[in-house]
Amino acid sequence: LYRRVNGNIPEEVVEGIERMQILFGEQDGDDIFYRTANAVIDWDNVVSVRIALLVRSLSEYGVDVDNASYDLLGVAVAEPGDRHMRQVFTTTVSLRNRAS
């Protein structure tokens, strides 16, 4: 996971983050619909953010190949085919002063 500093110089923030997916919770009446950024209808109605991370071990482990596929909030990640261990972490965060 990287960020840009000092005029677009990439700086690693967290090692081992292989993929990240973000959905925005847009409130419509009593319902909240989670959408990608380009599908949000009214940003003033966004009350939460759902984040999924695919985290990979920094070094390979054992002899078994990772043939699993991973789901990050509806986005499929193909089988990596290497010996790194992986895990998906997902959380939903309410935006301050936005949720009613």
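**Salt bridges and exposure in a predicted model**

Me: In this predicted model, what makes the contact between Glu 11 and Arg 3 a salt bridge?

Reply: The closest N and O atoms of Glu 11 and Arg 3 are 2.6 Å apart. A salt bridge requires a side-chain nitrogen of Lys or Arg within 4 Å of a carboxyl oxygen of Asp or Glu, so the pair qualifies.

Me: Why is Glu 11 called partly exposed?

Reply: Glu 11 has a relative accessible area of 32%. Buried means under 20% and exposed over 50%, so the value for Glu 11 falls in between. Its partner Arg 3, at 45%, is therefore also classed as partly exposed.

Me: How do you know that Arg 56 and Glu 18 form a salt bridge?

Reply: Their side chains meet at 3.4 Å, N to O, and the cut-off is 4 Å, so the criterion is satisfied. Arg 56 lies in strand β5 (residues 46-56) and Glu 18 in strand β3, so this pair ties together parts that are 38 residues apart in sequence. Arg 56 has 30% relative accessibility and counts as partly exposed; Glu 18, at 30%, likewise counts as partly exposed.

Me: What makes the pair Arg 86 and Glu 18 a link between distant parts of the chain?

Reply: The side chains of Arg 86 and Glu 18 meet in a salt bridge at 2.7 Å, N to O. Arg 86 belongs to strand β8 (residues 86-94) and Glu 18 to strand β3, with their positions 68 residues apart in sequence.

Me: Why is Arg 86 assigned to its accessibility class, buried or exposed?

Reply: The relative accessibility of Arg 86 is 12%. Buried means under 20%, so Arg 86 counts as buried.

Me: Which residues are joined into one network by salt bridges that share partners?

Reply: The network joins Glu 18, Arg 56, Asp 66, Asp 82 and Arg 86. A search of the whole structure finds seven salt bridges.

Me: Why can such side chains pair?

Reply: Side chains of opposite charge can pair when their charged atoms come close.

Me: How do you know whether Gly 29 is buried or exposed?

Reply: Gly 29 has a relative accessible area of 54%. The threshold for exposed is over 50%, so Gly 29 is exposed. Gly 29 lies in the loop between β3 (17-28) and β4 (31-35). From Gly 29 to Val 88 the C-alpha to C-alpha distance is 31 Å, and the two are 59 residues apart in sequence.

Key:
Residues are numbered from 1 along each chain as its sequence is written. This is a predicted model: local features need pLDDT of at least 70, side-chain atom pairs count only at pLDDT 80 or more; totals for chains, interfaces and linings use all residues. Side-chain values use heavy atoms; hydrogens and water are left out. Helices (H or I, at least four residues) and strands (E, at least two) are DSSP runs, numbered from the N terminus. Buried means under 20% relative accessible area, exposed over 50%, partly exposed in between (1.4 Å probe, protein chains only).
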